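Welcome! Open your viewer, turn on the cartoon view, and let's walk through this model one stop at a time.

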Amino acid sequence: MTTLSRFDIHQPASVREASQMRAHFAGQAGIYAGGTELLLAMKHGALRYRHLIDVKVIPDLGGIASRDGFLEIGATATHRTIERSLLVREKLPLLAEMESHVANVRVRATGTLGGNLCFSEPHSDPATLLLVLGGAVRLEGASGVRELSIDQFIAGAYETRLSPEEILTRIVVPCSKPSHRAAYVKFQVHERPTLGLGLWLETHDDARSFTAARVAVGCVCPFPARNAFAERLLIGSRTEVEKRLPDAAAAIADAADLIDDHEGSAEYKRHLIGVFLRRAFRKALGEPSA
Amino acid sequence: VLAQIAAEEMGVPFEKVRLVGSDTAITLFERSTGASRTTTLMGRAVMEACREAIAQCKTMAAELLRVPAEQLIAERGGIRSGDTHMSWPEILNQYFQLEGCSIIGRAYLRKAGLLEQVPVFWEIGVTGVEIGVDRETGQIQLDSLVTVGDVGLAIHPAMTESQDLGAATMGLGASLFEQLIYDGQQLMNGTLLEYRVPRFSDLAPHIQLLLTENRDGVGPYGAKGGGEGSVNPIGPCLANALYQAAGVRIRTLPLTPERVWKALQEKRAREDQP
(Lines give C-alpha, C1' and ligand atoms only; values in the text may rest on other atoms or scores of the structure.)
Protein backbone atom coordinates (compact mmCIF):
# COMPACT_ATOMS: atom_id res chain seq x y z
CA MET A 1 0.00 0.00 0.00
CA THR A 2 1.37 3.32 -1.02
CA THR A 3 0.56 6.48 0.90
CA LEU A 4 0.93 10.14 0.16
CA SER A 5 3.94 11.88 1.60
CA ARG A 6 3.35 15.16 3.44
CA PHE A 7 2.54 18.30 1.50
CA ASP A 8 0.98 21.70 2.10
CA ILE A 9 -2.08 22.91 0.22
CA HIS A 10 -2.26 26.54 -0.83
CA GLN A 11 -5.51 28.12 -1.91
CA PRO A 12 -5.03 31.16 -4.11
CA ALA A 13 -7.84 33.69 -4.44
CA SER A 14 -7.07 34.53 -8.05
CA VAL A 15 -5.22 33.32 -11.12
CA ARG A 16 -2.64 36.03 -10.52
CA GLU A 17 -1.99 34.75 -6.99
CA ALA A 18 -1.78 31.16 -8.24
CA SER A 19 0.76 32.24 -10.83
CA GLN A 20 2.79 34.06 -8.14
CA MET A 21 2.70 30.93 -5.98
CA ARG A 22 4.03 28.83 -8.84
CA ALA A 23 6.86 31.30 -9.37
CA HIS A 24 7.56 31.41 -5.63
CA PHE A 25 7.77 27.65 -5.10
CA ALA A 26 9.60 27.11 -8.39
CA GLY A 27 9.46 23.39 -9.20
CA GLN A 28 8.36 22.45 -5.67
CA ALA A 29 4.64 23.03 -6.24
CA GLY A 30 2.13 21.04 -8.25
CA ILE A 31 -1.17 22.39 -9.50
CA TYR A 32 -4.07 20.59 -7.89
CA ALA A 33 -7.21 20.71 -10.05
CA GLY A 34 -9.17 17.43 -9.79
CA GLY A 35 -6.35 15.32 -8.43
CA THR A 36 -7.52 12.13 -10.13
CA GLU A 37 -4.15 11.70 -11.82
CA LEU A 38 -1.93 13.90 -9.65
CA LEU A 39 -2.67 12.19 -6.33
CA LEU A 40 -2.19 8.71 -7.82
CA ALA A 41 1.14 9.74 -9.31
CA MET A 42 2.13 11.20 -5.93
CA LYS A 43 1.07 8.03 -4.10
CA HIS A 44 3.31 6.00 -6.36
CA GLY A 45 6.17 8.41 -5.88
CA ALA A 46 6.23 9.28 -9.58
CA LEU A 47 5.68 12.92 -8.59
CA ARG A 48 6.95 14.48 -5.37
CA TYR A 49 5.59 17.89 -4.45
CA ARG A 50 6.04 19.66 -1.12
CA HIS A 51 3.30 22.10 -2.08
CA LEU A 52 0.04 21.84 -3.97
CA ILE A 53 -1.70 24.89 -5.37
CA ASP A 54 -5.43 24.22 -5.24
CA VAL A 55 -6.82 26.07 -8.26
CA LYS A 56 -10.34 24.64 -7.80
CA VAL A 57 -11.07 27.37 -5.27
CA ILE A 58 -10.34 30.21 -7.67
CA PRO A 59 -13.69 31.90 -8.41
CA ASP A 60 -15.03 31.61 -11.97
CA LEU A 61 -12.26 29.28 -13.14
CA GLY A 62 -14.76 26.49 -13.82
CA GLY A 63 -17.42 28.32 -15.79
CA ILE A 64 -18.52 27.57 -19.32
CA ALA A 65 -19.50 30.33 -21.76
CA SER A 66 -20.07 30.81 -25.46
CA ARG A 67 -18.52 33.85 -27.15
CA ASP A 68 -18.15 34.83 -30.82
CA GLY A 69 -18.55 31.30 -32.13
CA PHE A 70 -16.27 29.76 -29.53
CA LEU A 71 -16.94 27.78 -26.39
CA GLU A 72 -14.82 28.92 -23.48
CA ILE A 73 -14.51 26.25 -20.86
CA GLY A 74 -12.98 27.11 -17.51
CA ALA A 75 -9.94 24.98 -16.68
CA THR A 76 -11.46 23.58 -13.47
CA ALA A 77 -14.76 22.52 -15.06
CA THR A 78 -15.08 18.81 -14.36
CA HIS A 79 -15.66 16.26 -17.11
CA ARG A 80 -19.08 15.66 -15.57
CA THR A 81 -19.98 19.36 -15.69
CA ILE A 82 -19.02 19.55 -19.35
CA GLU A 83 -20.84 16.31 -20.13
CA ARG A 84 -24.03 17.70 -18.57
CA SER A 85 -23.71 21.31 -19.71
CA LEU A 86 -26.68 22.32 -21.85
CA LEU A 87 -24.51 24.96 -23.50
CA VAL A 88 -21.88 22.41 -24.53
CA ARG A 89 -24.58 20.01 -25.69
CA GLU A 90 -26.05 22.74 -27.83
CA LYS A 91 -22.87 24.30 -29.24
CA LEU A 92 -20.60 21.28 -29.46
CA PRO A 93 -22.53 18.09 -28.74
CA LEU A 94 -19.60 15.85 -29.67
CA LEU A 95 -17.50 17.29 -26.85
CA ALA A 96 -20.25 16.49 -24.33
CA GLU A 97 -20.61 12.98 -25.78
CA MET A 98 -16.86 12.32 -25.59
CA GLU A 99 -16.76 13.62 -22.02
CA SER A 100 -19.58 11.26 -21.06
CA HIS A 101 -17.27 8.35 -21.89
CA VAL A 102 -14.13 9.56 -20.14
CA ALA A 103 -12.91 7.00 -17.57
CA ASN A 104 -15.75 6.34 -15.12
CA VAL A 105 -18.29 8.53 -13.39
CA ARG A 106 -16.21 8.90 -10.21
CA VAL A 107 -13.27 10.24 -12.21
CA ARG A 108 -15.56 12.46 -14.28
CA ALA A 109 -17.14 13.94 -11.18
CA THR A 110 -13.75 15.06 -9.86
CA GLY A 111 -11.33 15.23 -12.77
CA THR A 112 -11.15 18.49 -14.69
CA LEU A 113 -10.57 19.21 -18.35
CA GLY A 114 -7.73 21.62 -17.56
CA GLY A 115 -6.07 19.06 -15.30
CA ASN A 116 -6.42 16.39 -17.93
CA LEU A 117 -4.71 18.52 -20.57
CA CYS A 118 -1.94 19.69 -18.23
CA PHE A 119 -1.21 16.11 -17.18
CA SER A 120 -0.79 15.21 -20.86
CA GLU A 121 -1.51 11.53 -20.31
CA PRO A 122 -0.96 9.67 -23.60
CA HIS A 123 -4.39 7.98 -23.18
CA SER A 124 -6.30 11.25 -22.82
CA ASP A 125 -9.59 11.25 -24.71
CA PRO A 126 -10.15 15.04 -24.51
CA ALA A 127 -6.73 15.94 -25.95
CA THR A 128 -7.28 13.81 -29.05
CA LEU A 129 -10.73 15.21 -29.72
CA LEU A 130 -9.80 18.84 -28.98
CA LEU A 131 -6.92 18.49 -31.39
CA VAL A 132 -9.25 17.79 -34.30
CA LEU A 133 -11.86 20.28 -33.16
CA GLY A 134 -9.23 23.02 -33.39
CA GLY A 135 -9.15 23.66 -29.66
CA ALA A 136 -6.72 25.94 -27.91
CA VAL A 137 -5.69 26.66 -24.34
CA ARG A 138 -5.41 30.08 -22.73
CA LEU A 139 -2.43 30.46 -20.40
CA GLU A 140 -2.06 33.31 -17.94
CA GLY A 141 1.02 34.37 -16.06
CA ALA A 142 3.12 37.34 -15.01
CA SER A 143 4.17 37.92 -18.62
CA GLY A 144 0.57 38.16 -19.77
CA VAL A 145 -1.98 36.01 -21.55
CA ARG A 146 -1.26 33.74 -24.49
CA GLU A 147 -3.15 31.11 -26.43
CA LEU A 148 -1.62 27.89 -27.74
CA SER A 149 -3.34 25.35 -29.96
CA ILE A 150 -3.57 21.88 -28.41
CA ASP A 151 -0.71 20.57 -30.55
CA GLN A 152 1.47 23.51 -29.58
CA PHE A 153 0.59 22.99 -25.93
CA ILE A 154 1.28 19.26 -25.69
CA ALA A 155 5.00 18.66 -25.87
CA GLY A 156 5.10 14.92 -25.21
CA ALA A 157 3.95 12.20 -22.86
CA TYR A 158 3.28 13.95 -19.53
CA GLU A 159 4.87 17.13 -20.89
CA THR A 160 3.35 20.47 -21.83
CA ARG A 161 4.63 23.91 -22.75
CA LEU A 162 3.05 25.50 -19.68
CA SER A 163 5.82 27.74 -18.35
CA PRO A 164 6.75 27.64 -14.64
CA GLU A 165 4.64 30.62 -13.60
CA GLU A 166 1.67 30.09 -15.89
CA ILE A 167 -1.82 28.82 -15.13
CA LEU A 168 -4.12 27.25 -17.73
CA THR A 169 -7.34 29.23 -17.40
CA ARG A 170 -9.57 28.45 -20.38
CA ILE A 171 -10.01 25.88 -23.07
CA VAL A 172 -11.31 27.57 -26.20
CA VAL A 173 -13.01 25.49 -28.88
CA PRO A 174 -14.83 26.61 -32.04
CA CYS A 175 -18.55 25.83 -31.87
CA SER A 176 -19.93 23.32 -34.31
CA LYS A 177 -21.31 24.66 -37.59
CA PRO A 178 -23.91 23.03 -39.82
CA SER A 179 -21.22 22.19 -42.39
CA HIS A 180 -19.06 20.44 -39.79
CA ARG A 181 -19.09 16.71 -39.19
CA ALA A 182 -17.01 15.12 -36.49
CA ALA A 183 -16.69 11.93 -34.46
CA TYR A 184 -14.61 10.53 -31.67
CA VAL A 185 -14.36 6.75 -31.39
CA LYS A 186 -12.29 4.59 -29.12
CA PHE A 187 -11.43 0.99 -28.51
CA GLN A 188 -11.02 -0.03 -24.93
CA VAL A 189 -10.28 -3.26 -23.13
CA HIS A 190 -8.41 -2.15 -20.04
CA GLU A 191 -8.93 0.81 -17.73
CA ARG A 192 -7.46 3.17 -20.31
CA PRO A 193 -8.38 3.15 -24.00
CA THR A 194 -6.22 1.18 -26.42
CA LEU A 195 -7.00 3.60 -29.23
CA GLY A 196 -8.74 6.94 -29.45
CA LEU A 197 -9.46 8.48 -32.84
CA GLY A 198 -10.90 11.88 -33.60
CA LEU A 199 -12.10 13.01 -37.01
CA TRP A 200 -13.39 16.40 -38.12
CA LEU A 201 -14.61 17.23 -41.58
CA GLU A 202 -15.79 20.42 -43.20
CA THR A 203 -18.39 19.41 -45.72
CA HIS A 204 -19.67 21.01 -48.86
CA ASP A 205 -22.72 20.33 -51.00
CA ASP A 206 -24.69 18.33 -48.43
CA ALA A 207 -21.69 16.27 -47.36
CA ARG A 208 -20.98 15.07 -50.89
CA SER A 209 -17.48 16.44 -50.60
CA PHE A 210 -15.05 17.58 -47.95
CA THR A 211 -13.11 20.83 -48.08
CA ALA A 212 -11.06 20.46 -44.92
CA ALA A 213 -10.22 17.57 -42.62
CA ARG A 214 -8.46 16.92 -39.35
CA VAL A 215 -7.71 13.49 -37.95
CA ALA A 216 -5.77 12.47 -34.87
CA VAL A 217 -5.06 9.31 -32.94
CA GLY A 218 -4.30 9.00 -29.26
CA CYS A 219 -3.28 6.22 -26.86
CA VAL A 220 -1.19 4.35 -29.44
CA CYS A 221 1.54 6.99 -29.39
CA PRO A 222 3.28 9.12 -26.74
CA PHE A 223 0.87 12.02 -27.34
CA PRO A 224 -2.13 12.58 -29.61
CA ALA A 225 -1.00 13.64 -33.03
CA ARG A 226 -2.59 14.91 -36.22
CA ASN A 227 -1.32 13.73 -39.54
CA ALA A 228 -1.09 16.19 -42.41
CA PHE A 229 -0.67 13.60 -45.14
CA ALA A 230 -3.71 11.63 -43.96
CA GLU A 231 -5.71 14.86 -43.73
CA ARG A 232 -4.95 15.69 -47.36
CA LEU A 233 -6.27 12.27 -48.34
CA LEU A 234 -9.54 13.11 -46.61
CA ILE A 235 -10.25 16.12 -48.80
CA GLY A 236 -12.24 15.67 -52.00
CA SER A 237 -15.46 14.00 -53.03
CA ARG A 238 -17.01 11.59 -50.61
CA THR A 239 -16.57 8.66 -52.98
CA GLU A 240 -12.87 9.37 -53.47
CA VAL A 241 -12.27 9.96 -49.79
CA GLU A 242 -13.99 6.74 -48.84
CA LYS A 243 -11.68 4.83 -51.17
CA ARG A 244 -8.64 6.55 -49.68
CA LEU A 245 -9.54 5.77 -46.05
CA PRO A 246 -7.19 2.73 -45.89
CA ASP A 247 -4.31 4.86 -47.21
CA ALA A 248 -5.07 7.59 -44.71
CA ALA A 249 -5.16 5.02 -41.90
CA ALA A 250 -1.82 3.61 -43.04
CA ALA A 251 -0.29 7.11 -43.03
CA ILE A 252 -1.53 7.72 -39.49
CA ALA A 253 -0.20 4.35 -38.33
CA ASP A 254 3.19 4.98 -39.97
CA ALA A 255 3.50 8.35 -38.26
CA ALA A 256 2.35 7.06 -34.87
CA ASP A 257 5.47 4.91 -34.40
CA LEU A 258 3.42 2.04 -32.97
CA ILE A 259 4.94 -0.34 -30.45
CA ASP A 260 3.98 -3.69 -28.92
CA ASP A 261 2.72 -3.36 -25.36
CA HIS A 262 0.02 -4.71 -23.03
CA GLU A 263 -2.63 -2.95 -25.04
CA GLY A 264 -1.71 -4.95 -28.11
CA SER A 265 0.86 -5.56 -30.79
CA ALA A 266 1.84 -2.80 -33.18
CA GLU A 267 0.29 -4.88 -35.96
CA TYR A 268 -3.04 -5.05 -34.14
CA LYS A 269 -3.02 -1.33 -33.40
CA ARG A 270 -2.32 -0.60 -37.07
CA HIS A 271 -5.33 -2.73 -37.96
CA LEU A 272 -7.49 -0.98 -35.34
CA ILE A 273 -6.62 2.45 -36.75
CA GLY A 274 -8.01 1.28 -40.11
CA VAL A 275 -11.19 -0.08 -38.56
CA PHE A 276 -11.81 2.95 -36.37
CA LEU A 277 -11.04 5.54 -39.02
CA ARG A 278 -13.77 3.97 -41.13
CA ARG A 279 -16.12 3.82 -38.14
CA ALA A 280 -15.39 7.45 -37.28
CA PHE A 281 -16.05 8.46 -40.91
CA ARG A 282 -19.44 6.72 -40.92
CA LYS A 283 -20.31 8.03 -37.48
CA ALA A 284 -19.36 11.59 -38.41
CA LEU A 285 -21.67 11.36 -41.41
CA GLY A 286 -24.43 9.93 -39.24
CA GLU A 287 -24.45 6.48 -40.79
CA PRO A 288 -24.46 3.09 -39.10
CA SER A 289 -20.91 1.82 -38.62
CA ALA A 290 -21.50 -1.70 -40.00
CA VAL B 1 -28.20 -21.09 5.73
CA LEU B 2 -26.91 -22.56 9.02
CA ALA B 3 -29.43 -20.41 10.92
CA GLN B 4 -32.20 -21.55 8.58
CA ILE B 5 -31.34 -25.18 9.30
CA ALA B 6 -31.30 -24.59 13.06
CA ALA B 7 -34.67 -22.78 12.88
CA GLU B 8 -36.16 -25.59 10.82
CA GLU B 9 -34.93 -28.30 13.18
CA MET B 10 -35.88 -26.53 16.39
CA GLY B 11 -39.25 -25.46 15.03
CA VAL B 12 -38.67 -21.83 15.95
CA PRO B 13 -38.92 -18.64 13.86
CA PHE B 14 -35.78 -17.77 11.93
CA GLU B 15 -35.44 -14.54 13.95
CA LYS B 16 -34.96 -16.61 17.12
CA VAL B 17 -31.70 -18.07 15.81
CA ARG B 18 -28.54 -16.11 16.35
CA LEU B 19 -25.39 -16.98 14.42
CA VAL B 20 -22.40 -15.79 16.40
CA GLY B 21 -19.27 -14.65 14.66
CA SER B 22 -16.80 -16.53 16.80
CA ASP B 23 -13.10 -16.21 17.50
CA THR B 24 -11.16 -19.14 16.09
CA ALA B 25 -8.74 -18.83 19.01
CA ILE B 26 -11.35 -20.39 21.30
CA THR B 27 -13.52 -22.44 18.94
CA LEU B 28 -12.80 -25.90 17.60
CA PHE B 29 -11.02 -26.21 14.30
CA GLU B 30 -13.60 -26.73 11.58
CA ARG B 31 -12.10 -28.89 8.90
CA SER B 32 -14.80 -28.67 6.25
CA THR B 33 -15.09 -24.99 5.33
CA GLY B 34 -13.94 -24.80 1.76
CA ALA B 35 -14.68 -26.53 -1.53
CA SER B 36 -18.34 -25.45 -1.33
CA ARG B 37 -18.87 -27.82 1.61
CA THR B 38 -20.19 -25.60 4.39
CA THR B 39 -23.86 -26.26 3.71
CA THR B 40 -23.32 -29.95 3.16
CA LEU B 41 -21.04 -30.72 6.13
CA MET B 42 -21.44 -27.90 8.64
CA GLY B 43 -25.12 -27.72 7.73
CA ARG B 44 -25.46 -31.43 8.40
CA ALA B 45 -23.58 -31.03 11.71
CA VAL B 46 -25.94 -28.21 12.74
CA MET B 47 -28.93 -30.38 11.82
CA GLU B 48 -27.67 -33.37 13.77
CA ALA B 49 -26.63 -31.24 16.76
CA CYS B 50 -30.16 -29.76 16.87
CA ARG B 51 -31.61 -33.27 16.84
CA GLU B 52 -29.28 -34.29 19.65
CA ALA B 53 -30.37 -31.26 21.69
CA ILE B 54 -34.01 -32.17 21.04
CA ALA B 55 -33.30 -35.70 22.29
CA GLN B 56 -31.89 -34.22 25.50
CA CYS B 57 -34.99 -32.07 25.90
CA LYS B 58 -37.20 -35.12 25.37
CA THR B 59 -35.47 -36.91 28.25
CA MET B 60 -35.99 -33.87 30.46
CA ALA B 61 -39.63 -33.48 29.39
CA ALA B 62 -40.23 -37.20 29.99
CA GLU B 63 -39.13 -36.74 33.58
CA LEU B 64 -41.19 -33.58 34.04
CA LEU B 65 -44.36 -35.01 32.45
CA ARG B 66 -43.83 -38.55 33.75
CA VAL B 67 -44.35 -39.96 30.26
CA PRO B 68 -41.98 -42.33 28.44
CA ALA B 69 -39.68 -40.29 26.18
CA GLU B 70 -40.64 -42.28 23.10
CA GLN B 71 -44.24 -41.04 23.39
CA LEU B 72 -43.14 -37.42 23.15
CA ILE B 73 -43.20 -35.51 19.87
CA ALA B 74 -40.97 -32.56 19.01
CA GLU B 75 -43.30 -29.95 17.55
CA ARG B 76 -43.67 -26.15 17.14
CA GLY B 77 -40.62 -25.13 19.11
CA GLY B 78 -41.02 -27.62 21.92
CA ILE B 79 -42.35 -31.02 23.00
CA ARG B 80 -45.92 -32.27 22.84
CA SER B 81 -47.48 -35.07 24.80
CA GLY B 82 -51.17 -35.49 24.03
CA ASP B 83 -52.69 -32.05 24.61
CA THR B 84 -49.74 -30.77 26.64
CA HIS B 85 -47.12 -28.65 24.90
CA MET B 86 -43.96 -27.39 26.53
CA SER B 87 -41.73 -24.91 24.73
CA TRP B 88 -37.94 -25.28 24.90
CA PRO B 89 -37.59 -22.51 27.55
CA GLU B 90 -40.39 -24.07 29.62
CA ILE B 91 -38.66 -27.46 29.61
CA LEU B 92 -35.26 -25.99 30.55
CA ASN B 93 -36.66 -23.67 33.24
CA GLN B 94 -38.66 -26.43 34.89
CA TYR B 95 -35.95 -29.03 34.56
CA PHE B 96 -33.20 -26.86 36.05
CA GLN B 97 -35.68 -24.99 38.29
CA LEU B 98 -33.82 -21.85 37.38
CA GLU B 99 -34.12 -19.41 34.51
CA GLY B 100 -31.34 -18.85 32.01
CA CYS B 101 -29.93 -22.36 31.92
CA SER B 102 -28.93 -23.83 28.60
CA ILE B 103 -27.86 -27.06 27.01
CA ILE B 104 -25.47 -27.88 24.20
CA GLY B 105 -26.36 -30.05 21.24
CA ARG B 106 -23.46 -31.95 19.73
CA ALA B 107 -22.78 -33.69 16.47
CA TYR B 108 -19.61 -35.01 14.91
CA LEU B 109 -19.20 -35.87 11.28
CA ARG B 110 -16.75 -38.37 9.96
CA LYS B 111 -16.07 -40.38 6.86
CA ALA B 112 -18.70 -42.99 7.53
CA GLY B 113 -22.27 -43.86 6.61
CA LEU B 114 -23.72 -41.25 4.28
CA LEU B 115 -20.35 -39.54 4.17
CA GLU B 116 -18.37 -42.68 3.33
CA GLN B 117 -17.93 -41.62 -0.30
CA VAL B 118 -15.31 -38.94 -0.90
CA PRO B 119 -15.78 -36.39 -2.30
CA VAL B 120 -19.09 -36.12 -0.53
CA PHE B 121 -20.63 -34.69 -3.70
CA TRP B 122 -19.73 -33.65 -7.20
CA GLU B 123 -20.60 -30.07 -7.84
CA ILE B 124 -22.17 -30.03 -11.24
CA GLY B 125 -22.51 -26.68 -12.96
CA VAL B 126 -23.69 -26.11 -16.49
CA THR B 127 -23.59 -22.83 -18.37
CA GLY B 128 -24.79 -21.62 -21.74
CA VAL B 129 -23.98 -18.36 -23.49
CA GLU B 130 -24.96 -16.40 -26.55
CA ILE B 131 -22.29 -14.03 -27.80
CA GLY B 132 -21.67 -11.45 -30.43
CA VAL B 133 -18.26 -11.19 -32.10
CA ASP B 134 -16.94 -7.99 -33.65
CA ARG B 135 -15.13 -9.56 -36.59
CA GLU B 136 -13.09 -6.42 -37.17
CA THR B 137 -11.69 -6.03 -33.67
CA GLY B 138 -12.13 -9.55 -32.33
CA GLN B 139 -14.06 -8.27 -29.34
CA ILE B 140 -16.58 -10.64 -27.78
CA GLN B 141 -19.83 -9.32 -26.33
CA LEU B 142 -21.85 -11.51 -24.01
CA ASP B 143 -25.54 -11.30 -24.93
CA SER B 144 -27.08 -13.94 -22.72
CA LEU B 145 -26.03 -16.27 -19.96
CA VAL B 146 -27.75 -19.29 -18.49
CA THR B 147 -26.43 -21.17 -15.49
CA VAL B 148 -27.70 -24.41 -14.03
CA GLY B 149 -26.56 -25.45 -10.58
CA ASP B 150 -27.27 -29.02 -9.46
CA VAL B 151 -27.51 -28.21 -5.77
CA GLY B 152 -29.75 -31.00 -4.43
CA LEU B 153 -31.84 -28.45 -2.55
CA ALA B 154 -31.42 -24.69 -2.46
CA ILE B 155 -31.93 -23.90 1.21
CA HIS B 156 -31.56 -20.19 0.40
CA PRO B 157 -32.50 -19.96 -3.30
CA ALA B 158 -31.68 -16.26 -3.83
CA MET B 159 -28.23 -16.74 -2.35
CA THR B 160 -27.65 -19.90 -4.33
CA GLU B 161 -28.58 -18.18 -7.57
CA SER B 162 -26.41 -15.16 -6.87
CA GLN B 163 -23.49 -17.44 -6.07
CA ASP B 164 -23.92 -19.06 -9.48
CA LEU B 165 -23.97 -15.63 -11.11
CA GLY B 166 -20.88 -14.62 -9.15
CA ALA B 167 -19.09 -17.79 -10.18
CA ALA B 168 -20.04 -17.29 -13.83
CA THR B 169 -18.78 -13.70 -13.63
CA MET B 170 -15.44 -14.87 -12.25
CA GLY B 171 -15.33 -17.41 -15.08
CA LEU B 172 -16.04 -14.57 -17.49
CA GLY B 173 -13.05 -12.62 -16.18
CA ALA B 174 -10.74 -15.59 -16.59
CA SER B 175 -12.13 -16.37 -20.03
CA LEU B 176 -12.10 -12.91 -21.57
CA PHE B 177 -9.62 -10.68 -19.77
CA GLU B 178 -7.59 -11.87 -16.84
CA GLN B 179 -4.00 -12.93 -17.34
CA LEU B 180 -0.75 -12.31 -15.53
CA ILE B 181 1.95 -11.10 -17.88
CA TYR B 182 5.53 -11.68 -16.81
CA ASP B 183 8.80 -10.39 -18.10
CA GLY B 184 11.14 -12.98 -16.63
CA GLN B 185 10.33 -12.93 -12.93
CA GLN B 186 8.71 -9.53 -13.03
CA LEU B 187 4.93 -9.22 -13.13
CA MET B 188 4.17 -6.59 -15.74
CA ASN B 189 0.46 -5.96 -15.20
CA GLY B 190 0.08 -5.88 -11.45
CA THR B 191 -2.45 -3.04 -11.23
CA LEU B 192 -6.09 -2.79 -12.23
CA LEU B 193 -5.04 -0.35 -14.94
CA GLU B 194 -3.72 -3.26 -16.95
CA TYR B 195 -5.25 -6.28 -15.26
CA ARG B 196 -8.84 -6.25 -16.31
CA VAL B 197 -11.58 -7.78 -14.16
CA PRO B 198 -15.25 -8.02 -15.13
CA ARG B 199 -17.36 -4.89 -14.77
CA PHE B 200 -21.11 -4.59 -14.51
CA SER B 201 -21.13 -3.52 -18.13
CA ASP B 202 -19.63 -6.90 -19.09
CA LEU B 203 -22.54 -8.85 -17.66
CA ALA B 204 -25.01 -10.30 -20.13
CA PRO B 205 -28.20 -8.26 -20.65
CA HIS B 206 -30.16 -11.52 -20.43
CA ILE B 207 -29.42 -13.75 -17.50
CA GLN B 208 -31.23 -16.92 -16.44
CA LEU B 209 -30.20 -18.73 -13.29
CA LEU B 210 -31.62 -22.21 -12.92
CA LEU B 211 -31.34 -24.69 -10.08
CA THR B 212 -31.80 -28.44 -10.16
CA GLU B 213 -33.25 -29.69 -6.91
CA ASN B 214 -33.43 -33.49 -6.76
CA ARG B 215 -32.73 -33.61 -3.03
CA ASP B 216 -30.03 -36.16 -3.75
CA GLY B 217 -27.17 -34.63 -1.73
CA VAL B 218 -25.79 -35.87 1.58
CA GLY B 219 -26.26 -32.46 3.19
CA PRO B 220 -29.36 -31.42 5.15
CA TYR B 221 -32.63 -32.24 3.35
CA GLY B 222 -30.72 -33.50 0.32
CA ALA B 223 -28.70 -30.31 -0.18
CA LYS B 224 -25.22 -30.34 -1.64
CA GLY B 225 -22.64 -27.69 -2.32
CA GLY B 226 -23.05 -24.95 -4.89
CA GLY B 227 -21.54 -21.65 -5.82
CA GLU B 228 -18.45 -22.72 -7.73
CA GLY B 229 -19.92 -24.89 -10.45
CA SER B 230 -20.38 -22.04 -12.92
CA VAL B 231 -16.73 -20.90 -12.90
CA ASN B 232 -15.14 -23.57 -15.03
CA PRO B 233 -17.68 -24.11 -17.82
CA ILE B 234 -17.65 -20.45 -18.93
CA GLY B 235 -14.27 -20.68 -20.72
CA PRO B 236 -15.13 -23.68 -22.91
CA CYS B 237 -18.64 -22.30 -23.31
CA LEU B 238 -17.37 -19.02 -24.77
CA ALA B 239 -14.76 -20.79 -26.88
CA ASN B 240 -17.43 -23.09 -28.32
CA ALA B 241 -19.77 -20.15 -28.95
CA LEU B 242 -16.92 -18.37 -30.73
CA TYR B 243 -16.34 -21.45 -32.87
CA GLN B 244 -20.03 -21.55 -33.80
CA ALA B 245 -20.19 -17.84 -34.47
CA ALA B 246 -16.96 -17.31 -36.36
CA GLY B 247 -15.52 -20.73 -37.13
CA VAL B 248 -12.30 -20.30 -35.20
CA ARG B 249 -11.18 -22.75 -32.56
CA ILE B 250 -9.08 -21.15 -29.80
CA ARG B 251 -7.72 -23.33 -27.02
CA THR B 252 -5.98 -20.68 -24.95
CA LEU B 253 -7.69 -18.33 -22.52
CA PRO B 254 -8.33 -15.48 -22.20
CA LEU B 255 -10.10 -14.84 -25.47
CA THR B 256 -8.71 -11.33 -25.83
CA PRO B 257 -9.83 -9.27 -28.83
CA GLU B 258 -6.36 -9.46 -30.36
CA ARG B 259 -6.19 -13.25 -29.97
CA VAL B 260 -9.61 -13.65 -31.59
CA TRP B 261 -8.68 -11.20 -34.34
CA LYS B 262 -5.46 -13.11 -35.09
CA ALA B 263 -7.36 -16.38 -35.29
CA LEU B 264 -9.84 -14.78 -37.69
CA GLN B 265 -6.95 -13.44 -39.79
CA GLU B 266 -5.38 -16.89 -39.98
CA LYS B 267 -8.68 -18.43 -40.95
CA ARG B 268 -9.12 -15.88 -43.74
CA ALA B 269 -5.58 -16.54 -44.95
CA ARG B 270 -6.26 -20.28 -45.06
CA GLU B 271 -9.50 -19.78 -46.96
CA ASP B 272 -7.84 -17.46 -49.47
CA GLN B 273 -5.33 -20.13 -50.43
CA PRO B 274 -6.39 -21.99 -53.55
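Start by selecting Glu75(B): its bridge partner in β2(B) is Gly78(B). This is a predicted model, where local features need pLDDT of at least 70 and side-chain atom pairs count only at pLDDT 80 or more, while totals for chains, interfaces and linings use all residues. Residues are numbered from 1 along each chain as its sequence is written, chains are lettered from A and ligands numbered from 1 in the order in which they are written, and side-chain values use heavy atoms, leaving out hydrogens and water.

**Stop 1: a sheet in chain B**

Now show β1(B) and β2 (residues 78-81) of chain B, which pair in the antiparallel sense over 3 bridges. (Strands are DSSP runs of E with at least two residues, helices are runs of H or I with at least four, and both are numbered from the N terminus; two strands pair if DSSP finds at least two bridges between them.) Add β3(B) to see an open sheet of 3 strands in the order β1-β2-β3, with antiparallel pairing. At the edges sit β1 (73-75) and β3 (84-87) of chain B, each pairing on one side only. From one strand to the next, the twist averages 30°.

Which helix lies across β1, β2 and β3 of chain B? Select residues 88-96 of chain B: this is α3, running at about 85° to β3(B). (Axes are lines fitted to C-alpha atoms, for helices over the stretch in contact, and angles run from 0 to 180 degrees between N-to-C directions.)

**Stop 2: a helix in chain B**

Move to α6 (residues 257-272) of chain B. Its end C-alpha atoms are 22 Å apart, which agrees with the 22 Å that its 16 residues should span at 1.5 Å a residue. (The expected span is 1.5 Å times one less than the number of residues.) Among the buried residues here are Trp261(B) and Leu264(B). (Buried means under 20% relative accessible area, exposed over 50%, partly exposed in between, with a 1.4 Å probe and protein chains only.) Their cover in α6(B) includes β11 and α12 of chain A, as well as β4, β5 and α5 of chain B.

**Stop 3: the cores**

Next, select Leu197(A), Val217(A) and Ile273(A), which are among the residues with the most contacts inside the largest nonpolar core, a set of 39 residues. (Such a core is a set of buried Ala, Val, Leu, Ile, Met, Phe, Trp, Tyr and Cys residues joined through side-chain atoms within 4.5 Å.) The largest share, 10 residues, comes from α12(A). A second, separate core of 34 residues includes Leu139(A) and Ile150(A).

Key: Contact = heavy atoms within 4.5 Å.
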